[in-house]
Amino acid sequence: LVEIDARDYELKVAETKARLLDAQARLSSAQSGVDLTSDVTNATLVQAAAALEAARNQIDVLTARLQQEDADVKAAEAALRQSDSGRTAAEAAAKRAEADAMRYRILYKKDEVSRQTLDRAEADEKASKANLEAASHAIAGARARLEQATSARAATASSLQQATNLAKQAAGRLQEARAGSKQVRIRESDVRSVRAQMEQLESMS
């Protein structure tokens, strides 16, 4: 029979125990790393997905608002053109009424028209001046509304660009988190490998 040297046996046992302790330490470290990475990755996935959804919802809202404000700007532009045409017409009418009133004053002095005719011409002149003033106010209001609509559209367009940038950033974070999730699966495979080695060493001890 072959006699086993007690010292060799003890050495192998000590070596096996040392390897077992090393495997246990690596398993603990690997498992802790997996748990921590998994928690962080899962939290990042949830946060990135929520941020992306929020940004997309904001983009939808802002896109609809921008379309409405585009329509508002077009309507304000049309109103300004109409007001401008109205003032042009009012200016022409005021000039005609002023010329008629002046002519009737001359004729009245010559006793060629009645006082009633002159009064009517002067009333028309006064009314046409009031209409011109109103048309001037209308065009000023139309310009103010156009400026307001244009400013609102610009602000919405800027917000939409910011939301689009946020969506891109969130999509990037989500992609990174998904890549991190793959790394978690790789580390879990490492944990299983270390655990298998440890079980093998335990069976030898």
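Of the 205 residues in the protein chain, 24% count as buried, a figure that, like every other value in this passage, was computed from a predicted model. The secondary structure of the chain consists of two helices and zero strands. The accessible surface amounts to about 14,300 Å², and carbon and sulfur atoms account for 52% of that area. Among the contacts between residues at least 6 apart in sequence, 86% join residues that are at least 24 apart.

The largest nonpolar core contains 11 residues in all, namely A48, L52, A55, I59, L62, L66, L160, A163, A167, A170 and L174. Helix 1, which spans residues 6–109, and helix 2 are the elements that give two or more residues to this core, with the largest share, six residues, coming from helix 1. Within this set, L52 touches A167, A170 and L174, and its contacts also include A171, when residues up to four places away in sequence are not counted. Apart from this core lies another, of seven residues, among them V73, A76, L80 and A142. In soluble globular proteins, nonpolar side chains tend to be buried together.

V73 is placed in helix 1 and has a relative accessible area of 1%, which is under the 20% cut-off, so V73 counts as buried. Leaving aside neighbours within four places in sequence, V73 is in contact with L146, A149, T150 and R153. The C-alpha atoms of V73 and S151 are separated by 9.5 Å, although the two residues lie 78 residues apart along the chain. A buried position is also found in helix 2, which comprises residues 115–204 and includes S128. The relative accessible area of S128 is 8%, and this residue is therefore classed as buried. Beyond residues up to four places away in sequence, S128 touches A93, A94 and A97.

A search of the whole structure finds seven salt bridges. Side chains of opposite charge can pair when their charged atoms come close. R153, which is also one of the contacts of V73, forms a salt bridge with D70, the closest N and O atoms being 3.5 Å apart. This pair links distant parts of the chain, with R153 in helix 2 and D70 in helix 1, 83 residues apart. R153 counts as partly exposed because its relative accessibility is 28%, and D70 is likewise partly exposed, at 28% relative accessibility.

Other salt bridges join residues within one helix. The side chains of R103 and D100 meet in a salt bridge with an N to O distance of 3.5 Å; because these residues are three apart in helix 1, about one helical turn separates them. R103 is partly exposed, at 42% relative accessibility, and D100 is also partly exposed, with a relative accessible area of 32%. In helix 2, a salt bridge connects R115 and D119, whose closest N and O atoms are 3.0 Å apart. Since R115 and D119 are four residues apart in helix 2, they too are separated by about one helical turn. The relative accessible area is 41% for R115, which is therefore partly exposed, and 35% for D119, which is also partly exposed. In addition, salt bridges that share partners join R105, E122, E125 and K129 into one network.

Conventions:
Residues are numbered from 1 along each chain as its sequence is written. This is a predicted model: local features need pLDDT of at least 70, side-chain atom pairs count only at pLDDT 80 or more; totals for chains, interfaces and linings use all residues. Side-chain values use heavy atoms; hydrogens and water are left out. Buried means under 20% relative accessible area, exposed over 50%, partly exposed in between (1.4 Å probe, protein chains only). Contact means heavy atoms within 4.5 Å. Accessible areas come from the Shrake-Rupley method with a 1.4 Å probe; for residues, only the protein chains shown count as cover. A nonpolar core is a set of buried Ala, Val, Leu, Ile, Met, Phe, Trp, Tyr and Cys residues joined through side-chain atoms within 4.5 Å. A salt bridge is a side-chain nitrogen of Lys or Arg within 4 Å of a carboxyl oxygen of Asp or Glu.
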